[in-house]
Amino acid sequence: MTFNATQVEMDRGADIVNTATLMTNELPDASSVVTTSINSDPSFTLAKTSSSTPAAAGDTVDYTFTLVNTGNVAINNTAIADAKCAAAPTLINETATSDGVLDVGETQTFTCTSIPVTQAEVDAETVDNTATATGNPTSGILASVQDQLSIAVTPAPSISLNKSTSSSPSQAGDVLTYTFLLENTGNITVSNPSIADAKCAASPTLQSESVAANGVLDVGEVQSYSCVSIPVTQTEVDAGSVDNTATASGDPAAGSLTPAVDTLSTPISPAPSFSLEKSTSSTPTAANDTLIYSFSLENTGNVSILSPAIADPKCAAAPTLQSEDLTSDGVLEVGETQIYTCTSIAVTQDEVDAGMVDNTATASGAPAGGSLAPVQDQLSTPIAAAPAINVVKSTTSAPTQAGDTLVYTFTVTNPGNVSISNPTLTDAKCASAIIRTSGDTDGDNSLDVGETHIFECMSVAVTQAEADAGEVENTVTASGTPVGGTLTPDSDTETVPIASAPALTLDKRLAAASPTTYDTVGDVLLYEFEVTNSGNVTLGTAITIADAALDAQASCPTLPSGRLLPGDSIVCTGQRTIDQDDLDAGSVTNTAS
């Protein structure tokens, strides 16, 4: 027959002694003792598992430990030791009896929560550890068992880059200070981090690290870099911004790292402006003169100005570009000066009269950025007033004697450069106002430059003194009010000859007191001689009568003021005594002169 050992017997591990007794009615009882040795074979298995999927340092793992009694004896005081557990694993389940004894064939389940995953483990892409199970078998010797578990950590290296600046560039040549914040946003340590930026004059340098000053970009760490930029270009100022992209890279402990890129656009406020200066070295003096104008256009702003142009109503044609002091491209660069010139339209008489040529030039252009208001410059070019007047006096009259009158003609011209208002003639020989007969075509009573006015007057009567002098001489003076400057009056003297025609007439007659009959020797005849100045000049010498028949020289009175004016007469007297010859002849005949 078969005998089955009990678990108690097995756990005890001692020999099994069994006595068999044969009993019959006929025979005495017979016994037999059999001793059977018990072989204790304690053993168990350990399986460590986890369904956790740690992704980053600091994560925890929930471990499950399955302990199975694969021996033939119960095991007391089972325990799990695991360095990764934050606390000793705890028994949560037994498949046979909940007595804490790991019975033969029974399974005990333990669990624990791990200590935090380290960055080194993440960088290694695995969380490795070994659990050890121990226990006290009821008999026999039980060696501890272990189980090793590796949990993969998927590497996810990543970094972010933020580029910034507090600089405010305003013109070409300015530099900026850039700051770069490089953050490890992944789960893997990144060594040899670096930043490349084409706008940096030199490679960005590491300034600080938020975790450890080791040059390694730890997970979650932010490193700060900085650089000074290369100078801002005029193209960037014209575009209104400094644009560029920085790229960060590094060597991840595991996995593949995509470089981080950040683009920064730093605005530059456009401030377009330019200045215009108009000048000339010309010195106009009269209407129809022209000037050469020069225009200096300077870019005083921070952006280029395209299509610059100058408009000036005084230019006969649009001003033309003569030179540029930076680049000969027609663009007014920042700080550049362009020179333009033009020839003016003809100076007007109104401008000469005003004493200057005034006008305003306007410059315009299209700035690369911003809004540009046109700029103007006003120039006044003085014209020195040189007023002048000329008068010529003439006549076609031919006076012959005192009392005659003449018609005078006055030709007045303006040889100066400004108009003369209210031209006036003064002539003492004019009997009445001098009348303008022609020339003031526009009726403004102004003697315009180059204009000729004709005036006339009737003279006062020729005087005897003028007739005696043989000429009528006098001076006319022309004056007026110039619109500018000081006008010196002009004079002209006209001498009109009078042909001298002296003449006398003699009327000889018997005086009223003379007897009417003469019949006796010794009678006295009384004569009167009337002498008249019948010429045109005054006779200024004594009058003598030549008469041979007179007893003596005729007696003439003294001339008034010693002169005998034309038309005036004087009466001289003389006598003759009758002699015998006169009586014999019967008459007295004689001639006087």
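Okay, let's start with two cysteines: C85 and C112 are both buried. This is a predicted model, by the way, so keep that in mind throughout. The two cysteines form a disulfide, with their sulfur atoms 1.8 Å apart. What is the handedness of that link? The torsion about the S-S bond is about -65°, so the disulfide is left-handed. Now look at where the two ends sit. C85 is in the loop between β5 and β6, which covers 90-94, while C112 is in strand β7, so the pair ties together parts that are 27 residues apart in sequence.

How many disulfides are there in the whole structure? A search finds 5. Number the bonded cysteines of the protein chain in sequence order and the pairing reads 1-2, 3-4, 5-6, 7-8, 9-10. I'll take you through two others.

Next up is C200 with C227. Their disulfide has an S to S distance of 2.0 Å, and with -70° about the S-S bond this link is left-handed. The pair connects distant parts of the chain: C200 is in the loop between β12 (190-197) and β13 (205-209), and C227 is in strand β14 (residues 222-228), 27 residues apart. Buried or exposed, then, for C200? C200 is buried, at a relative accessible area of 9%. C227 counts as buried too, because its relative accessibility is 6% and the cut-off for buried is under 20%.

The other one I want to show is C556 with C572, S to S 1.9 Å. Here we get 110° about the S-S bond, and the link is right-handed. C556 lies in the loop between β33 (524-533) and β34 (569-577), and C572 is in strand β34 itself, so this pair ties together parts 16 residues apart in sequence. The two ends sit in different surroundings when you look at accessibility. C556 is partly exposed, with a relative accessible area of 23%, whereas C572 counts as buried at 0%.

Right, let's zoom out to the overall chain. It has 6 helices and 34 strands. Why do we call it more spread out than a compact globule? The radius of gyration is 74 Å, well over the 25 Å that the globule rule gives for 593 residues, so the chain is more spread out than a compact globule. If you rotate the view, the C-alpha trace spans about 280 × 35 × 30 Å along its principal axes. Buried residues make up 39% of the 593 residues. And of the contacts with a separation of 6 or more, 68% are between residues 24 or more positions apart.

On to the packing. The largest nonpolar core has 24 residues, and those with the most contacts inside it are F44, L46, Y63, F65, L67, I80 and A133. Which strands feed it? At least two residues each come from β3 (44-50), β4 (62-69), β5 (75-82), β7 (107-113), β8 (126-137) and β9 (145-152). You've met β7 already, as the strand that holds C112. Click on L46 if you have the model open. Leaving aside neighbours within four places in sequence, L46 is in contact with F65, T66, L67, I80, A131, T132, A133, V145, Q146 and D147. As a general point, nonpolar side chains tend to be buried together in soluble globular proteins.

Last stop, the strands. Take the open sheet of 4 strands, in the order β17-β18-β21-β20, with antiparallel pairing. Which strands are at the edges? They are β17 (274-280) and β20 (320-324), each pairing on one side only. The twist averages 25° from one strand to the next. Within that sheet, 4 bridges join β20 to β21 (residues 337-343), and these two run antiparallel. To find the register, look for L321, which stands opposite Y340 in β21.

Further along there's β26, residues 420-427. This strand pairs with β28 (residues 446-447) in the antiparallel sense over 2 bridges, and S421 stands opposite S446 there. β26 also pairs with β30 (residues 471-482), again antiparallel, over 6 bridges. On that side, the bridge partner of I420 is P482 in β30.

That's my tour, so over to you for questions.

Note on methods. Residues numbered from 1 in each chain as written. Predicted model: local features only at pLDDT ≥ 70, side-chain atom pairs only at ≥ 80, totals over all residues. Heavy atoms only, no water. Pairing = 2+ DSSP bridges. Axes fitted to C-alpha atoms, helices over the stretch in contact; angles between N-to-C directions. Core = buried A, V, L, I, M, F, W, Y, C linked by side-chain atoms within 4.5 Å. Buried < 20%, exposed > 50% of the residue type's maximum accessible area, 1.4 Å probe, protein only. Contact = heavy atoms within 4.5 Å. Disulfide = S-S within 2.5 Å. Rg over C-alpha atoms; globule rule 2.2 N^0.38 Å.
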